[in-house]
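Visitor: Could you take me through one part of this structure up close? I'd like to see who sits beside whom, and then whatever else is worth a stop.

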Amino acid sequence: MPDLLSLRDLAVRTARSVVPELAIRTGRPIEKNSKSSATDLVTDADLWSETRIAEILHEARPNDSIQGEEGTTITGTSGIRWIIDPIDGTTNFVYGHPGFSVSIGAELDGEPVIGVVVDPILGDEFVAALGHGATRNGDSIQVNTVTVLSEALLATGFGYQPAHRRKQAKELVEILPRVRDIRRMGGAALDLASVACGRVDAFFERGLAPWDIAAGSVIVSEAGGRVCDLSGENPTGDFVVASPEGILSELLSLLRNVDAAGP
Ligand code: IPD
Ligand code: CA
């Protein structure tokens with residue numbers, strides 16, 4: 001069994017090696033291209049950040065697997081797989097808007113064990129290792145103790161595909177009158193970290209990728225929350241819900257009802 005605390009510390013050091021440069025580059029005129037749709041942006045900074053993160057992890061642990069959003073794929077033999085989003089929330093990054101982050105997660109034999117999400121603008125470091133709790137800038141964090149959905153502040157996000165967005169917008173019409181309010185910050189990794197530290201009560205989004213949730217999921221569960229899909233099972237990304245136990249069943253039932261209401 002690898003030492004999870006040394007993996008966690010490696011992930012923190014690695015994130016810190018790219019964060020200062022991203023804090024400088026955000027909001028400046030940037031070379032950008034689109035990927036899956038016109039709204040799905042990638043910049044030179046995403047590619048630079050992923051290359052640097054993958055180099056550091058590979059040099060430190062050459063037998064680990066690495067998967068990155070921008071195409072890094074290394075197949076290793078150690079049972080550890082790093083899952084990187086070099087900039088989660090690229091649209092925010094392009095505009096110089098807070099809400100983007102560097103997200104580095106790791107799985108051991110398929111089980112999520114490490115989560116590090118760093119916010120270059122606010123300087124917040126959210127860190128967790130399985131069985132060792134979650135911290136924000138070194139201080140222990142916990143999800144909120146809310147028990148009534150109508151008193152819950154929810155975060156969500158919108159995908160890049162127009163069909164997804166249409167469905168997401170229709171669902172919000174049903175959800176918004178039943179909760180305290182909704183926030184759309186612009187990055188799923190920080191949305192998850194926000195649930196973990198109680199900056200929002202819960203988060204849901206459909207159509208996410210493994211790199212959007214790998215690190216943030218560990219941070220939420222180590223902060224005492226649950227991360228699951230609409231059926232309460234391990235999330236695939238297809239639908240991700242992160243919530244304190246106190247409102248989970250009420251939230252899942254609302255989300256299932258609006259999902260069943262059709263396209
Ligand atoms: C996106 C952000 C956004 C979410 C999108 C993601 P990216 O990640 O997490 O908040 O709504 O679904 O794809 O593409 O900027 O890394
Ligand atoms: Ca990204």
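Guide: Let's start with Thr90, which belongs to helix 3 (residues 90–95). Keep in mind that this is a predicted model. Is Thr90 buried or exposed? Its relative accessible area is just 5%, and the cut-off for buried is under 20%, so Thr90 counts as buried. And what does Thr90 touch, once we skip its neighbours within four places in sequence? Its contacts are Leu41, Val42, Thr43 and Asp46.

Next, have a look at the calcium ion (ligand 2). Its protein donors are Glu69 (OE), Asp85 (OD), Asp85 (OD) again and Ile87 (O), at 2.1 to 3.1 Å from the ion. Read along the sequence, those donor residues follow the spacing E-x15-D-x1-I. Glu69 sits in the loop between strand 3 (65–68) and strand 4 (73–74), while Asp85 is in strand 5 (residues 80–88), so this pair ties together parts 16 residues apart in sequence. The two aren't equally covered, either: Glu69 is partly exposed, at 21% relative accessible area, whereas Asp85 is buried, at 0%.

Last stop: empty space. There's one cavity of 30 Å³ or more, and the largest cavity holds about 40 Å³. Around it you'll find Thr156, Gly157, Phe158, Gln168, Glu171, Leu172, Ile175 and Phe204. Which helix gives the most to that lining? That's helix 4 (residues 162–175), with four residues. By type, the lining is a mix of four nonpolar residues, three polar and one charged.

How values were computed
Residues are numbered from 1 along each chain as its sequence is written. Chains are lettered from A and ligands numbered from 1 in the order in which they are written. This is a predicted model: local features need pLDDT of at least 70, side-chain atom pairs count only at pLDDT 80 or more; totals for chains, interfaces and linings use all residues. Side-chain values use heavy atoms; hydrogens and water are left out. On a 1 Å grid over the protein atoms alone, a cavity is a set of points where a 1.4 Å probe fits but cannot get out, and a pocket is an open set with protein on both sides within 12 Å along at least five of seven lines; lining residues have an atom within 4 Å of a point. Grid points are joined across faces, edges and corners, and a volume is the space filled by probe spheres set on the points. Helices (H or I, at least four residues) and strands (E, at least two) are DSSP runs, numbered from the N terminus. Ala, Val, Leu, Ile, Met, Phe, Trp, Tyr, Cys and Pro count as nonpolar, Asp, Glu, Lys and Arg as charged, and the others, Gly among them, as polar. Buried means under 20% relative accessible area, exposed over 50%, partly exposed in between (1.4 Å probe, protein chains only). Contact means heavy atoms within 4.5 Å. Donors are N, O and S atoms within 2.8 Å of the metal (3.2 Å for Na, K and Ca); water is not among the atoms, so sites may look incomplete.
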